[in-house]
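User: Please take a close look at one part of this model, the second largest pocket, and then place it in the rest of the chain. I am a first-year student, so plain wording would help.

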Amino acid sequence: MDVQPEFVENPQFTPVRTAEESTSTVAALGAAAGEQSTRIAGLTNTPLQTSDQINAALVRFLGPLAQGEVRDGAGFLKENGGKPPETGSIPGIVQQIASVLRFCELDTTHTRVRQAPKIEGPIADMLAKLPGGAVPMMINQNRSGDGDEVSSLMMPLTGLFQGSTEGIPADAPRVEVSMPARLKGEQFDGKKFLLGIILVKNTRTGTWVPQSLQFHSNDGETIKALSKTIRPRSASAGDGSPPPKAPSDRG
């Protein structure tokens, strides 16, 4: 990571107990991130249009996940720039991520948007070659300047949203949106998290699509526990996710 995550001392979370409250929180996040993107000099030539697009991209991606269940898996992939698998089955890791993010509480007042550097070298090659449905999970552990531990779980999404970045240049505009998050569940009670989402602009379609999902914590064991929750050891072979569920026909 080029910029170390900064944990907020006293985050201001908006309570979320219902699907309606979750929808409202994600909408507030999208609006805050979109507005902040207009302050990034040179990001695009159309700051106000970019603001609306980033807002919409975050709502499309995080909205269904924060409900705790993605009911229309094929629609979720399409709306985020991907192609549903020919088998009609959606990678089970989608539901695992949704179960972790169900009714998560976000601090939209401390949401931060920064321009993310382009991806180069071996990582770029790896992302370009991810098979459809594959979602790698990588854990990094670092120390900040004052010695605090920073652990990160990073999940590239180009395999999940297959085709979403096809044909775009390496220097296509990219942003990282991060915000303090409170995850529900006893094992995460009282644990500090920063949720990070990297969006890249598909310059062919003119839309922003999710390129990476990240969880940052100041406790390495918490990140390890989170990774095991998202991808249990009993997960099936292939993409390493639990057995896939067939997408709903409901739109």
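Analyst: The lining of the second largest pocket divides into 11 nonpolar, seven polar and four charged residues. The model is a predicted one. The volume of this pocket is about 440 Å³. Its lining has 22 residues, and those closest to the centre of the pocket are Leu 127, Ala 128, Thr 158, Thr 165 and Gln 211. Helix 5, which covers residues 121-128, gives four residues to the lining, the largest share.

Next comes the chain as a whole. It has six helices and seven strands. Along the sequence, these elements follow the pattern α-α-α-α-β-β-α-β-β-β-β-β-α. Of the 251 residues in the chain, 48% are buried. Among contacts with a separation of 6 or more, 73% are between residues 24 or more positions apart.

A cavity can be set beside the pocket. The structure holds one cavity of 30 Å³ or more. The space in the largest cavity is about 40 Å³. Its lining consists of Phe 61, Leu 65, Phe 76, Val 94, Ile 97, Leu 157, Leu 160 and Leu 213. Two elements, helix 2 (47-66) and helix 4, give two or more residues each to that lining. By class, the lining of the largest cavity has eight nonpolar residues, with no polar and no charged ones. The lining of the second largest pocket, by contrast, includes seven polar and four charged residues.

Helix 4 also takes part in a helix pair. Two packed helices are described by the angle between their axes and the distance between the axes. The axes of helix 4 (residues 93-101) and helix 6 (residues 220-230) come within 8 Å and cross at roughly 130 degrees. Because of that angle, helix 4 is oblique to helix 6. On the helix 4 side, the contact is made by Ile 93, Gln 96, Ile 97 and Val 100, and on the helix 6 side by Leu 226, Thr 229 and Ile 230. Sorted by class, this contact has five nonpolar and two polar residues, and no charged ones. Ile 97 appears in two places, since it takes part in the contact with helix 6 and also lines the largest cavity.

Helix 2, the other element named for the cavity lining, contains Ser 51. Ser 51 counts as buried because its relative accessibility is 13%, and the cut-off for buried is under 20%. Apart from neighbours within four places in sequence, Ser 51 is in contact with Gly 34, Glu 35, Ser 37 and Thr 38.

A residue from a strand can be described in the same way. Arg 182 lies in strand 5 (residues 174-182). Arg 182 counts as partly exposed because its relative accessibility is 41%, and that class lies between 20% and 50%. With neighbours within four places in sequence left aside, Arg 182 is in contact with Phe 13, Cys 104 and Glu 105. Arg 182 and Phe 193 are 11 residues apart along the chain, and their C-alpha atoms are separated by 6.5 Å.

Methods:
Residues numbered from 1 in each chain as written. Predicted model: local features only at pLDDT ≥ 70, side-chain atom pairs only at ≥ 80, totals over all residues. Heavy atoms only, no water. Axes fitted to C-alpha atoms, helices over the stretch in contact; angles between N-to-C directions. Parallel < 35°, antiparallel > 145°, perpendicular 65-115°, else oblique. Contact = heavy atoms within 4.5 Å. Nonpolar A, V, L, I, M, F, W, Y, C, P; charged D, E, K, R; others polar. 1 Å grid on protein atoms, 1.4 Å probe; cavity = no way out; pocket = protein on both sides within 12 Å on 5 of 7 lines; lining within 4 Å. Points joined across faces, edges and corners; volume = space filled by probe spheres on them. Buried < 20%, exposed > 50% of the residue type's maximum accessible area, 1.4 Å probe, protein only.
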